[in-house]
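Open the model in your viewer and keep the selection tool handy. We will make a few stops, picking out one element at a time.

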Amino acid sequence: MTSALAGLAARLDARAAAGLARSRRTLQTPQGAHVTIDGRAMLSFASNDYLGLAADPRLAAAVAAAAAAFGTGAGASHLLGGHQSPHAQLEHRLATWCAPCAEAEAVVLATGYLANLAALTALAGRDSVVFGDRRNHACLNDGALLARATYLRYPHLDMAALATRLAASKARCKVIATDSVFSMDGSEAPLAELLALAELHDAWLLVDDAHGFGVVGDGRGSVVAAGLGSTRIVYMATLGKAAGVAGAFICAHPAVIATIVQTARPYMYTTAAPAMLASAVQASMDIIRDEPERRNRLAANIAYLRAQAAALPWPLLSSRTAIQPLLLGATALANLVADALWARGLYVPAIRPPTVPQGSARLRVSLSAAHTRADIDTLVAALRAVAD
Ligand SMILES: *Cc1c(COP(=O)(O)O)cnc(C)c1O
């Protein structure tokens with residue numbers, strides 16, 4: 001073994017010894033509440049498929065029709081011949097559906113990770129400061145790195161601390177970047193307060209609505225739900241969670257969108273996502289608009305689980321969203337409980353440091369419109385049995 005390989009092996013061994021080894025489970029079925037994983041029938045609380053659309057046959061039919069009409073591959077980046085009519089149609093629909101300001105436009109990107117890199121490299125540069133909530137998704141941090149901007153993190157949801165940092169900054173360009181719904185906590189950013197701070201300090205407000213789009217604001221996302229409108233808002237959301245497909249988009253003032261298209265490397269230097277996926281997202285948007293019962297079912301499931309919080313052996317974090325984390329604390333305990341649930345046929349992933357702060361390992365219960373009350377009863381009973 002070369003010394004470089006020995007170094008990798010030693011680091012992997014150390015991770016495993018600390019209980020931090022990660023493994024990939026293989027699903028043999030479509031996404032849903034009841035799935036087959038590694039050959040076992042499991043009740044899953046692991047997916048971000050909040051509306052139960054990832055395996056909807058209408059989306060698959062849209063993919064099939066678009067594959068017949070446009071083929072499977074876009075064949076090039078958007079700027080060099082890979083931009084096909086389903087991409088353009090989708091951008092028009094998203095622009096009016098989620099507009100954070102008058103005349104807003106939208107641009108679709110291959111993934112949410114790339115979308116945040118694109119937004120931050122378009123807005124910020126070496127002379128900029130990006131102010132980010134400490135619990136932000138990792139790709140907002142990475143976007144600030146790629147932009148070569150200074151990244152200042154403020155304590156989770158601490159508006160006073162953010163205000164102090166903004167007031168102290170002499171940067172020419174300031175960007176406040178935040179998740180709307182925090183992916184490991186289910187907590188929500190105070191968007192109106194953030195926009196007020198952005199206005200006071202002449203900053204942009206980049207909102208990552210990966211967990212709000214499709215779910216809140218009648219499906220139009222967190223910014224519409226909060227009733228906010230400003231050319232300072234750069235709205236980003238992903239299409240692989242509630243929308244049940246893949247990809248992401250940014251919706252903002254036309255000058256922001258043009259800057260992304262003209263200059264953002266994570267937009268320019270990657271092949272366009274297949275047009276068939278843009279067609280599937282349009283089918284998904286029809287369902288999100290026309291079937292509010294899915295959101296109602298999800299809301300009822302959230303309320304039903306929370307109503308039983310007192311019966312649970314560990315505390316649920318305070319969350320109104322589909323993300324309902326159960327706080328275990330020690331990494332070893334979280335692993336133990338996740339393994340015991342797994343043995344009983346329930347898949348609830350343990351979230352451990354460094355994804356969450358030391359000492360706050362948790363089980364991340366993700367609810368979906370696809371769950372029934374009986375599924376939630378099964379979860380609660382299994383947690384109690386495991387605790388005994
Ligand atoms: C999932 C997620 C992303 C990344 O989106 P992908 O499309 O999966 O790359 C970005 N931000 C947040 C908050 C997310 O939860």
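Begin by selecting what covers the buried residues of α9 in this predicted model: the cover includes the strands β3 (105–109), β7 (203–208), β8 (233–238) and β9 (248–252), along with the helices α4 (112–123) and α10 (265–268). Now add helix α9 itself, residues 254–263. Which of its residues are buried? Show Val 256, Ile 257, Ile 260 and Val 261 as sticks, since these are the buried ones. Turn the view until you look down the axis of α9: the buried residues fall within an arc of 135°, so they line one face of the helix.

Next, stay with α4 and pick Tyr 113, which lies in that helix. Is Tyr 113 buried or partly exposed? Its relative accessibility is 40%, so Tyr 113 counts as partly exposed. Leaving aside neighbours within four places in sequence, Tyr 113 is in contact with Cys 139 and Asp 142. For a distance check, select Leu 90 too: its C-alpha atom is separated by 19 Å from that of Tyr 113, and the two residues are 23 apart along the chain.

For the last stop, select helix α12 (residues 292–307) and helix α14 (residues 373–387). They pack at an angle of about 30°, with their axes 10 Å apart. Angles under 35 degrees count as roughly parallel, so α12 is roughly parallel to α14. The crossing of α12 past α14 is right-handed. To see the contact, show Asn 301, Tyr 304 and Leu 305 on α12, then Arg 373, Ile 376, Asp 377, Leu 379 and Val 380 on α14. Colour them by class and you will find five nonpolar, one polar and two charged residues.

How values were computed. Residues are numbered from 1 along each chain as its sequence is written. This is a predicted model: local features need pLDDT of at least 70, side-chain atom pairs count only at pLDDT 80 or more; totals for chains, interfaces and linings use all residues. Side-chain values use heavy atoms; hydrogens and water are left out. Axes are lines fitted to C-alpha atoms, for helices over the stretch in contact, and angles run from 0 to 180 degrees between N-to-C directions. Helices (H or I, at least four residues) and strands (E, at least two) are DSSP runs, numbered from the N terminus. Angles under 35 degrees count as roughly parallel, over 145 as roughly antiparallel, 65 to 115 as roughly perpendicular and the rest as oblique. A crossing is left-handed if the near helix is turned anticlockwise from the far one by less than a right angle, and right-handed if clockwise. Contact means heavy atoms within 4.5 Å. Ala, Val, Leu, Ile, Met, Phe, Trp, Tyr, Cys and Pro count as nonpolar, Asp, Glu, Lys and Arg as charged, and the others, Gly among them, as polar. Buried means under 20% relative accessible area, exposed over 50%, partly exposed in between (1.4 Å probe, protein chains only). The arc is that of the directions from the helix axis to the C-beta atoms.
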